[in-house]
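Visitor: Could you take me on a close look at a single part of this model, and then follow its contacts outward from there? I work at the bench, so please spell out the cut-offs as you go.

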Amino acid sequence: MARRSLTFRLTLMISVAATAILLLLGILVGTAVERHFRHHDMEMLEGKMTLATHAIENAATGDAMAAISRQLGDALVGHADIEIQVKQADDTTIFASEHANFPNHLLARQPASVDLSAVSWRTESRRLYLGIARDVRSPANPDTAFQVMVATDITHQDSFMRAFRRTLWSAVALAMFLTGVATWYVVRREMQPLQAIRQEASGITARRLDQRLSSAAVPAELEPLVDTLNEMLARLERSFQRLTEFSSDLAHELRTPLSNLLTQTQVTLTKARSTDEYREVLASNAEELERLSRMVSDMLFLAQADHAMVIPTREPVELAIETQAVLDFYEALASEKHIALSLAGTGSMSGDRLMLRRALSNLLSNAISHTPEGGAIKVVLSSAEQAVQISVSNTGDPIPAELHTRLFDRFYRVDASRERMGQGAGLGLAITDSIVRAHGGEIKLCSEGDMTKFTLIFPQLDKALAAS
């Protein structure tokens, strides 16, 4: 089923609402006008009825009855639309105006002093009347009952109300049509900013992610939407840029070992070699393959971390014991450069033992690589109520402040000349950052003077487990 457009739905809803309001207003106005006419007619009928009743109540003889006829006839002078008829109980007509023709249901006998409600009827000549009737007795002759009937011609009023209703419904229909057209035009015009956003968005491609949607001409209600879309575009641009850099760096990192493997293999195959020479080539190839294997493993870990697939296990970890084990592993490498390793403080936490060892190993390996001969590396553990901290500091040249944020990018190296000197693929700090974030923590860097310090901060998520 085809979905209706927003323009159509807004036009329909506004038109229906406007029509309902106009209909209600028309009904209220029509009812008020009709009630006004009815109230005016009833006042006039009650006045004539009071006049006739007063005359009859004061009559006592036949001569008086004749006077009543003259009095009522005089009262109708100038009121051609008023009809009056007076009858006795034996249906003898005392007085009747020229066009008096009252219906039977109005002439029905009623107990004395009981009023009939106003009744409307239409005559054979298609005239519409409204009338009332009342039983009256003279105090001078209480045994004689009279029935007084008064009516007024309301044909003109009825014609007016019919014309009024026709005009009203025609106006409502026209207003509904005009409201629909005006609403459609206004909605189409006000939807133009959305069309402009769509056109601008359609022009943003992978090569033009730096463009942003303009919020200058959009209504205030759409400005948050444009801002949200621009924020999304900024995130996409950063992600795409990182992906592009990652792909370029990855190709660069893989090209060198693959080129080495291919070159050595081709050179080896150019002529017959001795067993020792083949063994030497295979050993060199194995070294390159091991480096490629570590790189692929690291990239797989980072890819899992980006998709929140790295979920550390929770177990009690004594940081002093684990840190000392990592320091012991790097003791021989540090001794070659006469670097002093030291550990201070204690602490425990709940986390993944192997991941934490890997993070510490990456930091120590990085520190040893960038610490000059005769320098020092110090690891300090501290535990507080809310967090556990592991700081690794080493002496050496400071890292420029503008490079601090890039240190945790994949394949990034401060000194690119050390690329092939055993410093790995430049993924160590990126992996360390992913491990810390997987534990809900953060990593901070401070590099001033001749000291550089990395601090890992882990929240105390499970004290009970860490203490058990």
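Guide: Let's start with a pair of strands: β3 (residues 119–122) and β4 run antiparallel and are joined by 4 bridges. Strands count as paired here if DSSP finds at least two bridges between them. The helices (H or I, at least four residues) and strands (E, at least two) are DSSP runs, numbered from the N terminus. Before going further, please keep in mind that this is a predicted model: local features need pLDDT of at least 70, side-chain atom pairs count only at pLDDT 80 or more, and totals for chains, interfaces and linings use all residues. Residues are numbered from 1 along each chain as its sequence is written, and side-chain values use heavy atoms, with hydrogens and water left out.

Back to the strands. β3 and β4 make a hairpin with 5 residues between them, and in that turn Arg-126 has a positive phi of about 65°. Across the pairing, Arg-122 stands opposite Leu-128 in β4. Strand β4 covers residues 128–138, and 10 of its 11 residues are buried. Buried means under 20% relative accessible area, exposed means over 50%, and partly exposed lies in between (1.4 Å probe, protein chains only).

Now stay with Arg-122, which leads out of the hairpin. Arg-122 forms a salt bridge with Asp-158, the closest N and O atoms being 3.4 Å apart. A salt bridge here is a side-chain nitrogen of Lys or Arg within 4 Å of a carboxyl oxygen of Asp or Glu. This pair links distant parts of the chain, with Arg-122 in strand β3 and Asp-158 in helix α4, 36 residues apart. Arg-122 counts as partly exposed at 31% relative accessibility, whereas Asp-158 counts as buried at 19%. Asp-158 has another partner too: its side chain meets that of Arg-162 in a salt bridge (3.0 Å, N to O). Asp-158 and Arg-162 both lie in helix α4, 4 residues apart, about one turn of the helix. Arg-162 is partly exposed, with a relative accessible area of 46%.

Strand β3 also takes part in an aromatic contact, so let's turn to the rings. Rings of Phe, Tyr and Trp (its six-membered ring) pair if their centres lie within 6.5 Å; planes under 30 degrees apart count as stacked, over 60 as edge-to-face and the rest as tilted. By this rule the model has 5 aromatic pairs. One of them is Phe-37 with Phe-160, an edge-to-face pair at 5.7 Å centre to centre with 80° between the planes. Phe-37 sits in helix α1 (residues 6–57) and Phe-160 in helix α4 (residues 155–190), so this pair links distant parts of the chain, 123 residues apart. Both rings are partly exposed, Phe-37 with a relative accessible area of 22% and Phe-160 with 38%. The pair in β3 is Phe-102 with Trp-121, which is tilted: 5.8 Å centre to centre, 50° between the planes. Phe-102 lies in the loop between β2 (93–96) and α3 (104–107) while Trp-121 is in strand β3, so the pair ties together parts that are 19 residues apart in sequence. Phe-102 and Trp-121 are both buried. Returning to helix α4, Phe-160 joins Phe-37 and Phe-164 in one aromatic cluster.

For a view beyond this region, a search of the whole structure finds 12 salt bridges. Among them is the one in which the side chains of Glu-315 and Arg-353 meet (3.4 Å, N to O). Glu-315 lies in strand β6 (residues 315–318) and Arg-353 in helix α9 (residues 353–370), so the pair ties together parts that are 38 residues apart in sequence. Glu-315 counts as partly exposed at 26% relative accessibility, and Arg-353 is partly exposed at 28%. Salt bridges that share partners join Glu-315, Glu-322, Arg-353 and Arg-357 into one network.
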